Amino acid sequence: MTTDDTLTPGCDPEELRTLFLFEKLSDEQLDRLCREGHVETFESGQVFAEGDPASNLYILIEGAVVTSKRLSGDDVEVGRTGQRGVYSGAYTAYLGDRVPQIYQNSMRVTEPSRFFVLGADCFAQIMAEWFPMAVHLLEGLFIGGQKTREAVGQRERLLALGSLTAGLTHELNNPAAAAVRATAALPERVAAMRGKLRLIAAGKFEPSTLESIIELQQRAAEQVAKAPKLDPLQTSDAEDELSDWLEAHGCRDAWQIAPVFVQGGIDSEWLERVVATVGEQMLEPTLRWLSYTVDTELLMDEIEDSTTRVSTLVGAAKQYSQLDRAPFQVVDVRDLLSSTVLMLSTKLKGITVKKEFDPDLPKIPAYAGELNQVWTNLIDNAAQAMNGTGTLTIRTAREDDCVLVEIGDTGPGIPAAIQKRIFEPFFTTKPVGEGTGLGLDIAWRIVVNKHHGDLRVESVPGDTRFQVRLPIQAPAHVEGT
C-alpha cells in the first residue's frame, strides 16, 4: 500500500471505472483506489491457496482465472471465467475477526492476467467509510444468517435427538415389560412344578421309572430350545390336535396344557413316549409336571431374549452417541451404520432393510458421533420418502482411497430440477413446519468440510441413492492425526 498522494504506476482510474464493481464511484474514490491499491500481472500458475491468510482482494482486469476447493485430498474446480471485474480473495475483510480471515478457495490463472490488487485492511477501511449502511446490512445478512443457521441446526439436532429418544424408549419398554411379566410368572410355575413333583414322588414308581421321568423332563427342556416357529394357522391346528389327544387320555383342562406344549415343540408323538414310560394312571400329574417344566423354560428364554434385547439397545445407544469415546477416532463405519439403523428401528417399521456391507472394508479416522448424525439424516429422509413401505439399502465398499457408503431407497425420487439445490441451507420440499431444510446441509458440512469427503445424490423414481465418500487416510491438518 502506498502512503503518498501519487497514483500507483500502472493503475488508471478510468480503467477501474470500466469494472462493474467501480463504475458508480466518484473520481476522488477512484483516485484513492489507485493510490492505495496497485495493478499486478501474474503469469500462468497459482495466485493464492485455500487456507492461507487472506491478505488481498483481487479484481480481474484481463485474463482468465480458475478457482478450486480442496475435497478428499483433491483440488476440485468450482469456477472458471475470463469476465472482467470478477473478484476473489479477501472479500469478507470488512467483517473483521467475526469470521476466519483466510482464503476460502484457491485461485490460479491459465494465462498471463492483470489484476487490481487491494490490501485486505485497506478494503475493510474503505468499505466502512464509503458504504457504512451497506456494511451494516451485509454484516446483518452474513452474521445473522450464520446465527440463524446455527440456531435452527441446533433445533434440528434436538428434534432428531427427541425423536430418537422416544423411539429408543419405546423399543426398550417392550423387552423390559416382557422380562418383568416373565419374572413375575416364574415363581408360580416353579412352585407348581415342585407340587407336582411331590405327587409323582408319592406315587408307586420304581426307581428306574423315576429316572425315566427325570430324563423326559430333560428332553422336554431340550425340545423347547429347538421348537419350530409356527405361523398362527399352524399353531391353531397343532393346539387342536394336541387338545384332542390330551382329552382322549383323560387329562383335564387340556385347553390350558396344549398351547404350552405346542409352543415348546412337543407333539402327540412325543407324548406317546410319556405314556409308555409312566402308564395311564400317573399320566396326568406327569404331563402337568412336564408342562410346568416347558413353561418355565419358555419363561426363562423370554427373560434371556428380553434382557439381551435391552443390552443390545443400550449398546447401540452407546455406540450411536459415542459418549465414552474420543471425538476423533479410528472407526468401522459398518458399526456406526448398524447402531443408527437400530436406533431408527421405530421409524423403519414396514420398510425392508438390506445391508450390503463389504466384509473387508477398512476402518477410517473420523468424528464418529457426527457421522452418526449424517447417517441419521439420510436414513430418516429415505424412510419419510418411502412413507412406511419400500426397501432401504445400505451398501459399503472401498473406492480407491475412500470408503463409500451408499444409502438408497425406493421412494418417488428427487426431481432433477431441484437435485442441485437439496444441499442448500433452508431448502426443503416438506410442508411448512415439517422440515427445517438443514438436514442435508448439516450432512454436507460434516462430510465435505469436516471430513474432506464427498456427498452426492443420484435419483430417479423408485431409486434414490445418497453416496458418501470418506478418505481412508485423514488429511495432515485434521484434528487427531
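Me: What share of the contacts in the protein chain with a separation of 6 or more comes from residues 24 or more positions apart?

Reply: In this predicted model, residues 24 or more positions apart make up 75% of those contacts. The secondary structure of the chain consists of 12 helices and 15 strands.

Me: How many residues does the protein chain have, and what percentage of them count as buried?

Reply: The chain has 481 residues, and 45% of them count as buried. Its accessible surface amounts to about 25400 Å², with 53% belonging to carbon and sulfur atoms.

Me: How should one read a nonpolar core, and which residues have the most contacts inside the largest one?

Reply: As a general idea, nonpolar side chains in soluble globular proteins tend to be buried together. Here the largest nonpolar core has 41 residues, and Trp375, Ile379, Leu392, Phe466 and Val468 have the most contacts inside it. Among the elements that each supply at least two residues of this core are helices H10 (333–343), H11 (368–386) and H12 (439–450), together with strands E12 (390–399) and E15 (463–471). The largest share, 9 residues, comes from H11.

Me: Which residues does Val468 touch, not counting those up to four places away in sequence?

Reply: Val468 touches Val374, Trp375, Leu378, Val403, Leu404, Val405, Val447, Asp454 and Leu455. There is also a second, separate core of 39 residues, which includes Cys34, Ala90, Val117 and Ala120.

Me: Why does Ser243 count as buried?

Reply: Ser243 counts as buried because its relative accessibility is 13%, and the cut-off for buried is under 20%. Ser243 lies in helix H6 (residues 232–248). Beyond its neighbours within four places in sequence, Ser243 is in contact with Ala254, Trp255 and Ala258.

Me: Which residues of helix H7 are buried?

Reply: In H7 (residues 254–263), the buried residues are Ala254, Ile257, Ala258, Val260, Phe261 and Val262. Two of these, Ala254 and Ala258, are also contacts of Ser243. After H7 comes Gly265, which has a positive phi, near 80°.

Me: How is enclosed empty space found, and how many cavities of 30 Å³ or more does the structure hold?

Reply: The general idea is that a probe the size of a water molecule, rolled over the atoms, shows where empty space is left. This structure holds 2 cavities of 30 Å³ or more. The second largest cavity contains about 30 Å³ of space.

Me: Which residues line the second largest cavity?

Reply: Its lining is formed by Gly89, Ala90, Tyr91, Thr92, Ile102 and Gln104. By class, that lining has 3 nonpolar, 3 polar and no charged residues. Ala90, one of the lining residues, is also included in the second core.

How values were computed:
Residues are numbered from 1 along each chain as its sequence is written. This is a predicted model: local features need pLDDT of at least 70, side-chain atom pairs count only at pLDDT 80 or more; totals for chains, interfaces and linings use all residues. Side-chain values use heavy atoms; hydrogens and water are left out. Buried means under 20% relative accessible area, exposed over 50%, partly exposed in between (1.4 Å probe, protein chains only). Helices (H or I, at least four residues) and strands (E, at least two) are DSSP runs, numbered from the N terminus. Contact means heavy atoms within 4.5 Å. Accessible areas come from the Shrake-Rupley method with a 1.4 Å probe; for residues, only the protein chains shown count as cover. On a 1 Å grid over the protein atoms alone, a cavity is a set of points where a 1.4 Å probe fits but cannot get out, and a pocket is an open set with protein on both sides within 12 Å along at least five of seven lines; lining residues have an atom within 4 Å of a point. Grid points are joined across faces, edges and corners, and a volume is the space filled by probe spheres set on the points. Ala, Val, Leu, Ile, Met, Phe, Trp, Tyr, Cys and Pro count as nonpolar, Asp, Glu, Lys and Arg as charged, and the others, Gly among them, as polar. A nonpolar core is a set of buried Ala, Val, Leu, Ile, Met, Phe, Trp, Tyr and Cys residues joined through side-chain atoms within 4.5 Å.
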